[in-house]
Amino acid sequence: KISIIVPVYKVEKYLNRCLDSIVAQTFSDWECILIDDGSPDNSGKICDEYAKKAERFVVIHQENSGVSAARNAGLDIAKGEYITFVDSDDWVENSFLEEQYNDIISGDYDICICGFVGNKKKRDQILNCFEARSRLFDEEGTGGYSSLRLIKKEIINNVRYNTSISYLEDTDFFYRLYNNCTKILWTDKPLYNYFDNENSVTREKGITPQKVSMLNTIDKLYNNEKNRKLRRKIFDHTLRLRISLCINAVKRNFYYDAEFEKQKKIILKNFFYVLFSMNFRLKTKILTFVLCAKRNYNKSFVFQYLKKRG
């Protein structure tokens, strides 16, 4: 019934936890496709060990090609009626597959979206194509994570991850995939455990090329979108992201490079829009004001307070 696709790269410390959580599922009709993306550590060997123990584990070893190519390789051979993705350093609750499956067949939904463990459960919401695409860019929306979702395979058809995109490739994928959907169930049930990796791109100091790549991905979606309402939602999202990146750069004393100034100019250009728009929280407005008004951030009480809080 369900194909679980797990891209694997340099995760030997966490892979057993991930795969054990899949073995422990209360729902038994599944296959797990492990794509060893040229991992230089023992991750590939661990994948082979699980495949020897159970035929439900299928292993693909390939040259390092990136997470998008790895997920595409899994999609190409998946046999299940439904598809789900699990990141190899995360793990899932024992009832992850069972609850997702029961929910998706309860109303013949195209996709069912759960939530992270630790989040407060929201009321079930049924979304159409436009609403689902819009929620990708909400502050408290469904997000663009490849995980969390159980997807009817027939709607995926030939939709694949864009291997030319390095960051936020999952947002781009679902932005296109939702066009094939009629109705999506968002339960936000806490069924997925996310590992907060200290080496993640978002934790890097300064506005790095990787973070700029994230902005470029969303900018492309904005430029290609024709619906005015959705364009505004995407624009607000990128502006929020720019503010957040600049604030984090200041907190870590990495605000001296040209990229920081470039992003700050974009924020400054939209300064009054942020201040008077109902689409931004008060905290965002205050930080934007201080960010644009101050030159010497070390003398700002607000930023000193933020640094103390980490």
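Below, a biologist and a modeller chat about a predicted model, going through helix packing, aromatic pairs and a few single residues.

Biologist: Let's start with helices. How do the axes of α8 and α9 cross?
Modeller: Helix α8 covers residues 209-224 and helix α9 covers residues 228-251. Their axes come within 9 Å and cross at roughly 165 degrees. An angle over 145 degrees counts as roughly antiparallel, so α8 is roughly antiparallel to α9.

Biologist: Is that crossing left-handed or right-handed?
Modeller: Left-handed, as α8 passes α9.

Biologist: Which residues make the contact?
Modeller: From α8 you have K211, L215, I218, D219, L221, Y222 and N223. On the α9 side the contact uses R231, I234, F235, H237, T238, L241, R242 and L245.

Biologist: And how do those divide into nonpolar, polar and charged?
Modeller: Eight of the residues in the contact of α8 with α9 are nonpolar, three are polar and four are charged.

Biologist: Switching topic. How many aromatic pairs does a search of the whole structure find?
Modeller: It finds 20. One to look at is F116 with Y194: the ring centres are 5.8 Å apart and the planes sit at 65 degrees, so that pair is edge-to-face.

Biologist: Where are F116 and Y194 in the chain?
Modeller: In distant parts of it, 78 residues apart. F116 belongs to strand β6 (residues 111-116), while Y194 is in the loop between β9 (184-193) and α8.

Biologist: Is F116 buried or exposed? And what about Y194?
Modeller: F116 has 15% relative accessibility, so it counts as buried. Y194 has a relative accessible area of 46%, which makes it partly exposed.

Biologist: Got another pair for me?
Modeller: Try F173 and F174. Their ring centres are 5.1 Å apart with the planes at 85 degrees, so this pair is edge-to-face. F173 is at 0% relative accessibility and counts as buried. F174 is also buried, at 0% relative accessibility.

Biologist: Which residues form an aromatic cluster with those two?
Modeller: F85, Y161 and Y178 join F173 and F174 in one aromatic cluster.

Biologist: How many residues of helix α7 are buried?
Modeller: Eight of its nine, so α7 (residues 169-177) is mostly covered. The buried residues are E169, D170, T171, D172, F173, F174, Y175 and L177.

Biologist: OK, backbone now. Which residue in the loop between α4 and β6 has a positive phi?
Modeller: That's D108, with a phi of about 50 degrees although it is not a glycine. The loop runs between α4 (96-106) and β6.

Biologist: Why point that out?
Modeller: Because most residues other than glycine have a negative phi.

Biologist: Which residue of strand β9 has a positive phi?
Modeller: D188, at about 65 degrees, and again not a glycine. D188 is found in strand β9, and its relative accessible area of 6% makes it buried.

Biologist: Last thing: where does F254 lie?
Modeller: F254 is in the loop between α9 and α10 (258-269). With a relative accessible area of 39%, F254 is partly exposed.

Biologist: What separates the C-alpha atoms of F254 and F130?
Modeller: 38 Å, with the two residues 124 residues apart along the chain.

Key
Residues are numbered from 1 along each chain as its sequence is written. This is a predicted model: local features need pLDDT of at least 70, side-chain atom pairs count only at pLDDT 80 or more; totals for chains, interfaces and linings use all residues. Side-chain values use heavy atoms; hydrogens and water are left out. Axes are lines fitted to C-alpha atoms, for helices over the stretch in contact, and angles run from 0 to 180 degrees between N-to-C directions. Helices (H or I, at least four residues) and strands (E, at least two) are DSSP runs, numbered from the N terminus. Angles under 35 degrees count as roughly parallel, over 145 as roughly antiparallel, 65 to 115 as roughly perpendicular and the rest as oblique. A crossing is left-handed if the near helix is turned anticlockwise from the far one by less than a right angle, and right-handed if clockwise. Contact means heavy atoms within 4.5 Å. Ala, Val, Leu, Ile, Met, Phe, Trp, Tyr, Cys and Pro count as nonpolar, Asp, Glu, Lys and Arg as charged, and the others, Gly among them, as polar. Rings of Phe, Tyr and Trp (its six-membered ring) pair if their centres lie within 6.5 Å; planes under 30 degrees apart count as stacked, over 60 as edge-to-face and the rest as tilted. Buried means under 20% relative accessible area, exposed over 50%, partly exposed in between (1.4 Å probe, protein chains only).
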